[in-house]
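Colleague: I would like to learn how to read a model like this one. Could you walk me through it?

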2 protein chains.
Amino acid sequence: MENEYLPKIGISIGDVNGVGMEVIIKSLLNKEINKTFTPVVYGCGKVATFFKKEMGLNDFNFNIVKDISQINTKQSNMLNVWENEVKIELGQDTAVGGEYAIKSLKAAVTDLKNGKLAALVTAPINKNNVQSSVFNYKGHTDYLADEFNVGDNYAMMLVSDKLRVSLITEHVPVSEVSKNISIEKIIAKVTVINESLKKDFLIPRPIIALLGLNPHAGDNGLLGKEELEVIIPAINILKEKGIVCLGPYSADGYWANSTYTKFDCTVAMYHDQGLIPFKQLCFDDGVNFTAGLPIVRTSPDHGTAYDIANKFIANENSMRQALYTAVDIAKNRALSKAWTADFLKPNPRLSQKITNTRE
Amino acid sequence: MENEYLPKIGISIGDVNGVGMEVIIKSLLNKEINKTFTPVVYGCGKVATFFKKEMGLNDFNFNIVKDISQINTKQSNMLNVWENEVKIELGQDTAVGGEYAIKSLKAAVTDLKNGKLAALVTAPINKNNVQSSVFNYKGHTDYLADEFNVGDNYAMMLVSDKLRVSLITEHVPVSEVSKNISIEKIIAKVTVINESLKKDFLIPRPIIALLGLNPHAGDNGLLGKEELEVIIPAINILKEKGIVCLGPYSADGYWANSTYTKFDCTVAMYHDQGLIPFKQLCFDDGVNFTAGLPIVRTSPDHGTAYDIANKFIANENSMRQALYTAVDIAKNRALSKAWTADFLKPNPRLSQKITNTRE
């Protein structure tokens, strides 16, 4: 069992009518990945068969299991969360797509909670059709934050080789962004980001940039007061806590000047302020990571892409990066835990002897 | 007087403590420009002398005049708006910087109104220190819109060789963006943009993209209602008016996929949604143009840049592009006026004859 020490990565299938299963299968086709981690997809063998047929793949097979204890560590595994046939209508926004996306996600999260997975990678869901009595969240990130009881102490982080971008507010309508930003929230988020840069990315002394909220970072109060009343006071408190956090920067100039290259993470105030420049710089290899959770979770940075879901032309690179990034972060977290363990704690017997000598 | 038919381009000097005069002078150093247009800078010979000395320029001279009737069309001209010495403190935000920026701007606008200039190019002002009893605007754009009585029928447009970006709201705090967007305003702005693409850029049938306001363009109402209640109804009315306008697009995906390459202009809902990606794609050669005014006005897309104002390292490319773009738009506007004149209007005498023949 040469592979038994490889990390097990759980993968939720997302909306069966989107590009999720397609990019999962495309990523797993390369057998090289089985040398780095063991994939466990949470879905159903019948769904896999449908996609294999549609995609014309004869050589690829999942090891179908009923429970994570049965997986083959040398192969890609499909864990049957359900047994029944699911009506797949590629490119369509259906209730079925939402229902089974949540079944897959919840099964994976259960194994994650029980310590049976090293990390979770989530394929894209449709925020509309997943809404039900068992799921009332705007996306994976706030669902997981709630599921793991972290309050505001988490942060959505976009990760690539070039840069990291994190957000103070996530899937919030623009009209509600301002009222969702407070000194406390900025402190909570930046503290989480700082910790994550240390333990998930092994950066000993992170340097973080904070963008302003308003055009020209408020132009000294003329174009909005949040910089003066909320963001700058928060930065001052963070500095007192020993967190290296500079700003607020005027967002357009910041991105224009590639100022991000000088920082370990850029923190934007709202979704598009961070995601427009991130995706412009790193489309196809960006990964969405949720910092601050007790478990590791990543996802590709694209959506269900219904418009191309029956064409099988989706680029799997972001999913592949999400899988490898999950493995890297899980490894880094284990390393940092080991390294920060108190190796130098004196051996009680030895220190007793020294004390004795002194006497 | 070989140059007498060249367009006269008025240039306001902006904040004397910023990089404005530096990038103006650097642009005008190249004598080639005098073959294309005649520059008239609105300021004071003493200010020019200060900068020439600080920048170590011995060979460059302005033709100093008191009135635009006295300019030399073969040279760069400095029109003395004032005669007194002005206290220049490079890199400092001073009341003097604001006061003289407005003196320069108002003098140029007067000549513009009187038809003595083909276009106006404005160097950057500081939105804070210009505020006074004679100037209460957030920037050049809304000042000029008010000065030329165009109501909402104008649009800030960022122009480069690669793309054009226009805005529905400009220098508005994020908390007030939503309430500043209405069906009427979108129709007014897009109508202006469409007309401008035709007559200022000579695009016979413009195709315009409209971005959504909220993350993921509101995700069908889940992340904000403005797309469903305001933007889509506005697009439908614009279509009825025969304006080709598509959207609303999810902003992050739109920029990530370079969808802008398929459109003549991308219309963003607010400042950073348009300016972050524009500046990321076109820093140093972007030009700010105000569409919808009866006169032509451009400016560089950077600010006063106080932080480098005493180092003389500012890049003048955006100012140079602003000058040439002003000339191009002034020419295009004259051409489109000529071309759309009713050449085929029948000669009254001739049509009378034809009528007679029929009788």
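Modeller: Gladly! Keep in mind that this is a predicted model. Let us begin with the interface: chain A and chain B bury about 3,400 Å² between them, and 62% of that lies on carbon and sulfur atoms.

Colleague: Which residues of chain A lose the most area to chain B?

Modeller: They are A:Val174, A:Ile276 and A:Gln280, which together make up 19% of what that side buries. The contact as a whole draws 38 residues from chain A and 38 residues from chain B.

Colleague: By what turn and shift can chain A be laid on chain B?

Modeller: A turn of 180° with a shift of 0.0 Å along the axis does it, leaving an RMSD of 0.0 Å. The two copies are therefore related as by a two-fold rotation axis. The same surface serves both copies, too: 100% of the contact residues of chain A recur in chain B.

Colleague: Now the fold. In what order do the strands of the sheet in chain A lie?

Modeller: The sheet is open, has 12 strands with mixed pairing, and reads β3-β4-β2-β1-β5-β12-β11-β6-β7-β10-β8-β9 in chain A. To find its edges, look for strands that pair on one side only: here β3 (63-65) and β9 (244-249) of chain A. Neighbouring strands are turned by 25° against each other on average, direction ignored.

Colleague: In which sense do β2 and β4 of chain A pair?

Modeller: Parallel, over four bridges, with β2 covering residues 38-43 and β4 residues 77-80. Within β4(A), A:Asn77 stands opposite A:Val40. Chain B offers another parallel example: three bridges join β8 (residues 207-211) to β10 (residues 265-268) of chain B, and B:Ala209 has B:Thr266 as its bridge partner.

Colleague: Which strands does helix α10 of chain A lie across?

Modeller: Helix α10 (residues 317-339) lies across β1, β5, β6, β11 and β12 of chain A, at about 165° to β12(A). Helix α4 (residues 140-147) of chain A crosses β5, β6, β11 and β12, running at about 170° to β12(A). In chain B, helix α3 (residues 95-113) lies across β1, β2, β4 and β5, at about 170° to β5(B).

Colleague: What span should helix α6 of chain A have?

Modeller: Use 1.5 Å a residue: the 17 residues of α6 (residues 183-199) of chain A should span 24 Å, and the end C-alpha atoms are 24 Å apart, so the two values agree.

Colleague: And which residues of α6(A) are buried?

Modeller: Among them are A:Ile186, A:Ile187, A:Val190, A:Ile193 and A:Leu197, and the buried set also includes A:Lys185, A:Lys189 and A:Asn194.

Terms used
Residues numbered from 1 in each chain as written. Chains lettered and ligands numbered in written order. Predicted model: local features only at pLDDT ≥ 70, side-chain atom pairs only at ≥ 80, totals over all residues. Heavy atoms only, no water. Pairing = 2+ DSSP bridges. Helix = DSSP H or I, 4+ residues; strand = E, 2+ residues; numbered from the N terminus. Axes fitted to C-alpha atoms, helices over the stretch in contact; angles between N-to-C directions. Contact = heavy atoms within 4.5 Å. Least-squares fit on C-alpha atoms with pLDDT ≥ 70 in both. Expected span 1.5 Å × (residues − 1). Buried < 20%, exposed > 50% of the residue type's maximum accessible area, 1.4 Å probe, protein only. Buried area = accessible area lost by both parts, 1.4 Å probe.
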